[in-house]
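User: I have a model open and want to learn how to read helix packing, burial and cysteines. Can you take me through them one by one?
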Amino acid sequence: MLRRIADSLFWAARYLERAEWRARLVSVNHNLLIEGPAPAGNPWSSMLAISGDQELFEQHYENVDETSVLTFFVLDARNPSSIRSCIDAARANARTLRHRISSELWLELNTLHLDAKQWTVERLGTSEVFDFFSQLQERFYRIAGVMNGTLPRGVGFDFLGLGIMLERAENVTRLLDIKYHYLLPRVEDVGGPIDLLQWAAVLRSASALEAYRMKYGNLIRTESVVEMLLFDSTFPRSARYCVDRLETALRRVAQAAPEPASGPVSLASDGLAGLLASRSAGDVIAGGLHDFLIDVQEECERISGAVFDQYLRFE
């Protein structure tokens with residue numbers, strides 16, 4: 001496969017997944033503010049810190065308030081990681097692949113792109129924001145279903161999978177970080193009604209609440225939530241599941257390469273897989289969950305760089 005085609009497949013999938021997870025991150029932060037008392041400090045500043053976009057935000061906005069942050073994360077074309085920008089980038093990459101993807105997938109992507117152009121700040125008002133994100137989530141589910149139901153399982157599908165799984169593994173750590181690090185309640189509140197309500201909101205944002213209850217019952221415990229979202233090898237949005245699928249896709253891509261491919265990509269993916277396989281929720285909470293989440297994000301960046309150098313770089 002031409003590196004140019006592989007690059008477009010990888011980034012179309014990655015930008016689409018990034019748009020979905022950015023919607024999840026904004027939604028969970030909004031839900032946490034509604035379902036419990038506001039944390040100390042400005043909760044929207046915490047969102048900017050976690051996303052790494054605070055400096056860019058401050059270049060264009062004076063106040064860190066709900067309207068400004070929602071506009072920045074959802075609509076702002078000056079933010080390359082806003083939901084609208086990610087959808088535009090995914091569609092631009094897919095446009096070069098019209099002969100490589102199904103007409104059904106192109107239709108869904110192009111329709112979402114056109115709809116995103118019609119989004120307004122008014123739709124992000126307090127009375128509209130819940131419906132907005134619920135409807136957007138349904139669109140992402142539909143695209144995922146079309147992708148899985150219409151594309152052949154060749155090396156192109158593996159490059160889509162690489163983009164999706166890398167982005168998903170990284171972003172589930174950001175979702176956990178919002179609750180555990182930046183919205184951490186007072187010590188005396190840990191395990192209380194508000195704390196548990198917030199953890200339930202995190203699970204819902206990862207579409208994991210029902211899966212959690214089937215495995216652990218109705219009692220929500222911090223350690224069990226972390227175990228499910230980071231280390232559960234059967235839940236499709238956990239970091240461990242994503243890395244397992246990432247390694248499978250990398251093996252198939254390596255086998256299809258004109259020359260045997262190993263080295264930096266394999267070493268990087270093995271490092272992340274080992275990090276997740278050798279630890280448990282209790283271990284990382286005791287040792288510092290925030291630091292562990294940063295380690296996972298950095299390993300994902302290493303894998304992304306290695307994949308680009310080995311398979312996607314072209315002149």
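**Helix packing**

Analyst: Start with a pair of helices in this predicted model. Helix H2 (residues 43-51) packs against helix H4 (residues 66-74) at about 25 degrees, and their axes are 10 Å apart.

User: Why give an angle and a distance?

Analyst: Two packed helices are described by the angle between their axes and the distance between those axes. Angles under 35 degrees count as roughly parallel, so H2 and H4 are roughly parallel to each other. The crossing of H2 past H4 is left-handed.

User: Which residues of H2 and H4 meet?

Analyst: From H2, Trp44, Met47, Leu48 and Ser51. They meet Glu66, Val69, Leu70, Phe72 and Phe73 of H4. By class, this contact has seven nonpolar residues, one polar and one charged.

User: Next, burial. Does Gln297 count as buried or exposed?

Analyst: Compare the relative accessibility with the cut-off. Buried means under 20%. Gln297 has 7%, so Gln297 counts as buried. Gln297 lies in helix H15 (residues 289-312). Leaving aside residues up to four places away in sequence, Gln297 touches Glu170, Thr173 and Arg174.

User: Now cysteines. How many disulfides are found in the whole structure?

Analyst: Zero. The test is distance: the two sulfur atoms must be within 2.5 Å. Take Cys242: the closest cysteine sulfur is in Cys300, 8.6 Å away, which is too far for a bond.

User: Are Cys86 and Cys242 buried or exposed?

Analyst: Apply the 20% cut-off again. Cys86 has 0% relative accessibility, so Cys86 counts as buried. Cys242 is also at 0% and counts as buried.

How values were computed: Residues are numbered from 1 along each chain as its sequence is written. This is a predicted model: local features need pLDDT of at least 70, side-chain atom pairs count only at pLDDT 80 or more; totals for chains, interfaces and linings use all residues. Side-chain values use heavy atoms; hydrogens and water are left out. Helices (H or I, at least four residues) and strands (E, at least two) are DSSP runs, numbered from the N terminus. Buried means under 20% relative accessible area, exposed over 50%, partly exposed in between (1.4 Å probe, protein chains only). Contact means heavy atoms within 4.5 Å. Axes are lines fitted to C-alpha atoms, for helices over the stretch in contact, and angles run from 0 to 180 degrees between N-to-C directions. Angles under 35 degrees count as roughly parallel, over 145 as roughly antiparallel, 65 to 115 as roughly perpendicular and the rest as oblique. A crossing is left-handed if the near helix is turned anticlockwise from the far one by less than a right angle, and right-handed if clockwise. Ala, Val, Leu, Ile, Met, Phe, Trp, Tyr, Cys and Pro count as nonpolar, Asp, Glu, Lys and Arg as charged, and the others, Gly among them, as polar.
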